[in-house]
Amino acid sequence: MKAIFRYTLSGFRWAMVGWGLGLGLLGGYLIPFYDTIFEQRAQWEELLRAYPRELLVFFGEIQDIADPATYLHAQFFSWLPLILGFFAILAGSALIAGLEEGGQLDLLLGQPVSRWAFFAARVLAFLVATVGILGLSYLGLILARPLSRHLGLGPWEMLTPFLSMFALLWLFGSLSLWLSLALPSRRVAAAVAGTLLVAGFFLTALARLDERLEPVARLSPFTYYQGGEAVRSLRVDWLVGLLIASLVFLLLAGWWFQRKDLRVSGEGTWALPLPRSRALA
């Protein structure tokens, strides 16, 4: 199990470095820029009033851009789950199905390791990689914190949005893992999970404009993602709810993996039953 964990984690090393350092540098850049917003808040509020609300809802409810929680959410945490969500989906869908479609899974399982141990090692490495990316992003914000005179947020307050983001990313990662085992191929699973990701993002934003969408928006995980708003008060019930949903998908994926007939090397991806052209018939 340790060898599988190390092998899987090594495959994530450049993703952790690239995503983590990149987002950490971006967060570090945004922290000192907050002082400019704070000192010119009247001009910025007047500018924001000129923007249509249909555009601003995608960045959260912006009442006061000079408020630290609102600033961090609008500039960093509002759009980041949509970007990192695709990393979680692609990585989650490849954990098992990627090896299976590449003809490597049957060789790895030929070693003295049970399916549950193999599954747990792969999932644990994915978990560590996700935490590593968010940890480096958090570190960038913390290291830049002294560069702002007005932000006034402590380490715990700046950590809470990352907890909310982790729960959301882990939900989509575990969902894509289960879908990759239940659907014909990894590409189909990633497409379905990606569609749900984008649809959930837009649905939650549009529900702020139209109250009639609120009942449907409750089904979107983004409704329970706080982002920068967690700085004020972390909704532990929402956080636990997202983590429980992730656990359900992980258990489903593990159960499916135990019962699944694996493809052997050379069989490739399962094909969908599409009609053949007469010219090729």
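Among contacts in the protein chain between residues at least 6 apart in sequence, 77% join residues at least 24 apart, where contact means heavy atoms within 4.5 Å. The model is a predicted one, in which local features need pLDDT of at least 70 and side-chain atom pairs count only at pLDDT 80 or more, while totals for chains, interfaces and linings use all residues. Residues are numbered from 1 along each chain as its sequence is written, and side-chain values use heavy atoms, with hydrogens and water left out.

The protein chain has 13 helices and 0 strands, and its pattern along the sequence is accordingly written α-α-α-α-α-α-α-α-α-α-α-α-α. Helices (H or I, at least four residues) and strands (E, at least two) are DSSP runs, numbered from the N terminus. Of the 281 residues of the protein chain, 45% count as buried; buried means under 20% relative accessible area, exposed over 50%, and partly exposed in between, with a 1.4 Å probe and protein chains only.

A useful place to begin is helix α5, residues 68-77, which is mostly covered, since 9 of its 10 residues are buried. The buried residues of α5 are Pro68, Ala69, Thr70, Tyr71, Leu72, His73, Ala74, Phe76 and Phe77, and what covers them includes α2 (13-39), α6, α9 and α10.

The pairing of α5 with α2 can be followed in detail. The axes of α2 and α5 come within 11 Å and cross at roughly 135°, axes being lines fitted to C-alpha atoms, for helices over the stretch in contact, and angles running from 0 to 180 degrees between N-to-C directions. That angle makes α2 oblique to α5, on a scale in which angles under 35 degrees count as roughly parallel, over 145 as roughly antiparallel, 65 to 115 as roughly perpendicular and the rest as oblique. The crossing of α2 and α5 is right-handed; a crossing is left-handed if the near helix is turned anticlockwise from the far one by less than a right angle, and right-handed if clockwise. On the α2 side, Leu23, Leu26, Gly27, Leu30, Ile31, Phe33, Tyr34 and Ile37 meet Pro68, Tyr71, Leu72, Gln75 and Phe76 of α5. By class, this contact of α2 with α5 has 11 nonpolar, 2 polar and no charged residues, where Ala, Val, Leu, Ile, Met, Phe, Trp, Tyr, Cys and Pro count as nonpolar, Asp, Glu, Lys and Arg as charged, and the others, Gly among them, as polar.

Two other helices that help to cover α5, namely α6 and α9, also pack on each other. The axes of α6 (residues 80-94) and α9 (residues 115-144) come within 11 Å and cross at roughly 165°, which makes α6 roughly antiparallel to α9. In this pair, α6 passes α9 in a right-handed crossing. The contact is made by Leu84, Phe87, Ala88, Ala91, Gly92 and Ala94 of α6 together with Arg122, Phe126, Thr130, Ile133 and Leu134 of α9, and by class it has 8 nonpolar, 2 polar and 1 charged residues.

The loop between α12 (214-217) and α13 (236-259) holds Gly227, which leads back to α5. Gly227 counts as buried at 0% relative accessibility, and, leaving aside its neighbours within four places in sequence, it is in contact with His73, Phe77, Pro161 and Ser164. The C-alpha atoms of Gly227 and Thr160 are separated by 8.1 Å, although these residues are 67 residues apart along the chain.

Helix α10 (residues 155-182) contains Ser174, which is buried, with a relative accessible area of 1%. Leaving aside its neighbours within four places in sequence, Ser174 is in contact with Ser246, Phe249 and Leu250, and a polar atom of the Ser174 side chain lies 3.4 Å from the backbone oxygen of Ser246.

Beyond α10, the loop between α10 and α11 (186-207) holds Ser185, which is buried, with a relative accessible area of 5%. A polar atom of the Ser185 side chain lies 3.3 Å from the backbone nitrogen of Val188. Within α11 itself is Gly200, buried with a relative accessible area of 7%. Gly200 and Phe222 are 22 residues apart in sequence and 6.1 Å apart in space, C-alpha to C-alpha, and, with neighbours within four places in sequence left aside, Gly200 is in contact with Ser220 and Phe222.

Definitions and conventions. A polar contact is a pair of N or O atoms within 3.5 Å; within protein, one must be able to donate a hydrogen and the other to accept it, and residues adjacent in sequence count only if both atoms are side-chain atoms.
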